[in-house]
Amino acid sequence: MSWKRLFKTRPKIALCWLSGCGGCEESVIDLAEELPDLPSEASVVFWPVALDFRVADLEALPDRAIAAVFINGAIRTEEHARMARLLRSKSRRVIAHGTCAHLGGVLGLANLTDVDTLLRTAFVQAPTVANPSETRPAAETLVDGETVTLTKLTPRLMALDQVIPVDHYLPGCPPTPDMMRKAITAAVAGTLPNMPVVMAEETALCRSCPRRNTRPEKIGIKRFRRLHEAMCDPERCFLDQGLVCLGPATRGGCAARCIAANMPCRGCFGGLGDDKEPGAAVLSLLAAMMGGENADDIRAAARSLADPAGLIYRYGLAAAQWTGSREK
Amino acid sequence: MTRRICIDPVTRLEGHGRIELFLDDDGGLKRTLFQIPDFRGFEAFCVGRPAEEMPRITQKICGVCPTAHHIASVKALDALFGVEPPPAGRMIRELMHLAFILEDHLLHFFFLGGPDILAGPDAAPDQRNFWGVVRRLGREMIQKVLTVRRRVRELNALLSGSPLYPVCGLPGGVSLAVRPENRDAIAATCRDALDLVRDVQRLFDRYFLEDADYRRWIEDERFRVRTHAMGLVDPANRVQFYDGALRVVAPNGDETARFSADRYADYLEERVETWTYHKRLHLKSVGWRGLTDGPESGIYRVGALARLNAASGMTTPLAQAEFERLFEILGPGPIHNALAYHWARLVEMLHAAEEMKRLSEQPELTEPTVRRLPETLNPSGIGVCEAPRGTLIHHYEVDGDAMIRSVNLIVATQHNTAAIELTVDRAARAFIGEDGVSKEALSRIEMAYRAYDPCLACATH
């Protein structure tokens with residue numbers, strides 16, 4: 001077999017970011033010593049952080065030419081949505097890579113406010129901004145007689161499957177290198193499962209938590225403590241210390257890395273099963289943990305919970321809010 | 001009739017960007033535009049969040065420089081809660097920050113901007129990347145780089161929870177002490193990191209300084225913009241990453257300002273353009289004169305080269321020697337050629353590795369007390385550090401329950417956007433003027449922004 005023929009038979013894969021942070025790209029680069037061999041296994045046809053291919057190169061590929069595309073980041077602009085659709089049309093499998101693509105991620109907290117406030121805060125109100133005419137980024141600007149277009153923000157931040165059908169989900173902010181290795185290997189070998197699947201554990205983080213043996217049978221929290229007030233015991237279950245930990249309602253598979261650093265879980269792997277509304281599960285969990293003798297006690301415990309919306313939906317607000325039908 | 005050429009997307013950097021070139025009938029360049037078509041709104045959606053959660057929220061601004069955001073954020077919390085970390089807590093923060101500076105500069109050297117030179121400036125587009133570098137430098141060298149970088153990131157996972165997103169930062173210190181039994185492994189990683197950086201220094205000599213194109217370009221006008229420079233310094237004006245005063249020097253090297261970061265708003269001002277989501281910063285006292293350089297323009301730069309320009313030297317011997325060599329060859333006085341950023345990063349990698357080694361040998365590193373609980377709450381807190389790409393400022397205001405009321409973030413690449421636009425424009429004028437719109441000219445234009453190691457998601461956040 002000639003080298004050229006070998007080249008042609010390698011499966012094409014692609015990686016792309018939408019509204020994200022580059023962390024999911026780093027989770028691939030964290031494959032470290034295994035990276036030099038990637039081109040002998042697969043032909044990477046698009047990966048802006050590492051390779052000089054352009055949108056035009058992607059557009060020139062035949063439809064479904066890419067075996068699998070790993071898309072990280074959420075949908076925040078019209079351009080992200082266009083790019084997601086382009087990648088969908090060129091790819092046989094789409095993997096939502098990381099929490100932003102899966103559930104919207106931290107960026108989904110923007111849906112607690114509106115686009116106008118987002119722009120106003122940064123471009124008009126920031127104390128360092130000198131902008132007396134209160135101008136903001138606009139869809140079209142005339143620059144030296146030429147019309148320059150700028151993509152608009154979408155009314156809400158969306159998870160990837162709110163714009164295109166997604167075949168698989170790799171949860172985590174970011175996914176672990178081990179998850180990345182397995183997913184890329186399966187994509188290259190053509191052994192991705194035939195059904196939509198979340199490629200992490202099917203049990204809660206608590207099950208694999210190194211502190212699981214210190215979790216009490218009954219938790220009766222009268223007042224939730226905040227992290228700045230508490231000297232955390234490095235061995236004992238956070239819930240037993242009156243600190244919110246989302247481990248009981250969060251999918252495992254993260255290697256309990258926050259717990260290992262003596263910090264409680266904030267839920268970046270999302271909920272269990274195919275539940276896109278983990279907030280309800282978290283809320284009922286927290287309610288069940290509140291202790292006290294009467295309604296006043298429970299009310300006091302509930303009041304001590306700082307920023308409940310931002311806590312239970314830290315990573316999943318965009319996915320939870322979805323009420324429309326997904327594109328087929 | 002204007003012809004427009006678009007480089008979409010710009011590549012081998014963090015985030016989304018595109019360059020548009022407007023050409024006149026004769027193929028001459030009329031204007032360039034560097035647009036960032038991305039915005040997330042962190043300053044708005046952080047409002048209402050508990051202050052103590054901010055180091056874990058704001059770091060999601062950037063997965064390439066999350067540790068810098070984590071450090072700036074937790075320092076803002078120190079100021080907010082009026083509490084300073086105990087010696088071991090501060091040492092752990094500094095060690096993780098330096099380890100991060102080192103591995104992130106390595107990322108740029110081998111994956112992002114470095115391949116422009118390491119794989120050859122005129123390498124084919126499918127070779128001008130990390131894998132082209134593997135081919136040129138050989139497997140053995142690259143395996144060493146990847147192994148040491150992985151171990152440095154594992155060191156940070158040990159200190160802070162994750163190789164990528166640290167979670168240990170709390171007001172008054174960190175959440176986790178270093179166990180004495182881990183000391184030897186930490187020290188070994190730091191020693192091997194320093195050893196690797198000395199190899200990188202030899203690579204730099206061979207592949208950068210002995211590259212005829214690089215040697216020519218690093219000293220010519222096409223990549224040169226004469227701007228002010230800003231960076232954190234110690235009392236002797238030497239480069240600092242974790243803390244210090246902000247020092248600004250004019251294009252000729254004269255100090256024009258020296259201030260504590262909590263007065264940043266007195267010195268820095270942002271302008272809004274409607275065709276992009278990035279804002280342009282300038283020095284308030286000098287003023288905005290449009291996209292132009294020189295002492296009358298308030299445009300300034302941050303990041304590796306600007307830090308060296310704004311300082312009088314380095315605190316560690318090997319870095320100091322490399323600092324002197326750089327200014328001896330390219331100086332005297334501030335270096336304005338953007339391609340010298342590659343060299344400045346090498347100086348900083350030496351500093352980071354030397355300091356990591358020193359910190360790893362300090363007896364206090366494994367002390368069990370790594371945190372002090374706060375007893376007060378101030379209405380606002382400002383935190384600063386030097387991220388790999390430049391000065392990073394987090395500013396929070398809170399209510400009486402320590403819930404966030406307002407946030408202002410001045411992020412490394414945000415300071416640099418005007419200078420990046422200017423450098424891209426200058427390179428475009430020079431190279432398109434000489435060759436027309438050739439593949440080579442477009443490649444040189446891309447080298448102009450990549451030298452800055454821009455982080456565009458950071459810049460707009």
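1. Helix axes here are lines fitted to C-alpha atoms over the stretch in contact, with angles taken between N-to-C directions. Bear in mind as you read on that this is a predicted model. With that settled, start in chain B, where the axes of helix H6 (residues 130-137) and helix H7 (residues 139-160) come within 6 Å of each other and cross at roughly 130 degrees. The two helices, H6(B) and H7(B), are therefore oblique to each other.

2. Who does the touching in that pair? On the H6(B) side you'll find B:Phe130, B:Val133, B:Val134 and B:Leu137, and they meet B:Arg139, B:Met141, B:Ile142 and B:Leu146 of H7(B). Sorted by type, the residues of this contact between H6(B) and H7(B) come out as seven nonpolar, one charged and no polar.

3. Staying in chain B, have a look at the open sheet of three strands, which has the order S12-S13-S14 and antiparallel pairing. Strand S12 (380-387) and strand S14 (404-410) of chain B each have a single partner strand, so each has one side without a neighbour in the sheet. From one strand to the next the twist averages 15 degrees.

4. For the register in that sheet, strand S13 (residues 390-398) of chain B runs antiparallel to S14(B), and six bridges join the two. If you want one pair to click on, take B:Ile393, whose bridge partner in S14(B) is B:Ile410. Helix H3 (residues 66-81) of chain B packs on this sheet, where it touches S12 and S13 of chain B. The direction of H3 makes about 150 degrees with that of S12(B).

5. Now over to chain A and its open sheet of six strands, with parallel pairing and the order S2-S1-S3-S5-S9-S10. At the edges stand strand S2 (43-46) and strand S10 (197-198) of chain A; each has a single partner strand, so one side of each lacks a neighbour in the sheet. Further in, strand S5 (residues 91-97) and strand S9 (residues 168-170) of chain A pair in the parallel sense over three bridges. One pair worth finding is A:Ile95 with its bridge partner in S9(A), A:His168.

6. Two helices pack on the chain A sheet. Helix H5 (residues 78-90) of chain A touches strand S1 (12-17), S2, S3 and S5, and its direction makes about 135 degrees with that of S5(A). Helix H8 (residues 177-189) of chain A touches S1, S3, S5 and S9, with its direction at about 155 degrees to that of S3(A).

7. On salt bridges, the count over all chains comes to 69. Among them is the one between the side chains of A:Asp167 and A:Arg88, at 3.2 Å from N to O. A:Asp167 sits in the loop between strand S8 (153-158) and S9 of chain A, while A:Arg88 belongs to helix H5 of chain A, so the pair ties together parts that are 79 residues apart in sequence.

8. How much area is buried between chain B and chain A? About 7600 Å², with carbon and sulfur atoms giving 59% of that. In residue terms, 96 residues of chain B are in contact with 85 residues of chain A. There are 16 salt bridges between chain B and chain A. For a named example, B:Arg153 forms a salt bridge with A:Glu26, with the closest N and O atoms 3.4 Å apart.

9. Some backbone details to check by eye. In chain B, a cis peptide bond joins B:Asp8 and B:Pro9, with omega at about -5 degrees. B:Pro9 falls in the loop between strand S1 (3-7) and strand S2 (18-23) of chain B. A cis peptide bond also joins B:Gly331 and B:Pro332, where omega is about 0 degrees. B:Pro332 is in the loop between helix H12 (317-330) and helix H13 (341-360) of chain B.

10. Then come the positive phi values in chain A. A:Arg64 is a residue other than glycine, yet its phi is near 60 degrees; look for A:Arg64 in the loop between helix H4 (55-59) and strand S3 (66-72) of chain A. A:Ala256, which is not a glycine either, has a positive phi of about 50 degrees. The loop that holds A:Ala256 lies between helix H9 (205-208) and helix H10 (257-260) of chain A.

Conventions:
Residues numbered from 1 in each chain as written. Chains lettered and ligands numbered in written order. Predicted model: local features only at pLDDT ≥ 70, side-chain atom pairs only at ≥ 80, totals over all residues. Heavy atoms only, no water. Axes fitted to C-alpha atoms, helices over the stretch in contact; angles between N-to-C directions. Helix = DSSP H or I, 4+ residues; strand = E, 2+ residues; numbered from the N terminus. Parallel < 35°, antiparallel > 145°, perpendicular 65-115°, else oblique. Contact = heavy atoms within 4.5 Å. Nonpolar A, V, L, I, M, F, W, Y, C, P; charged D, E, K, R; others polar. Pairing = 2+ DSSP bridges. Buried area = accessible area lost by both parts, 1.4 Å probe. Salt bridge = Lys/Arg side-chain N within 4 Å of Asp/Glu carboxyl O.
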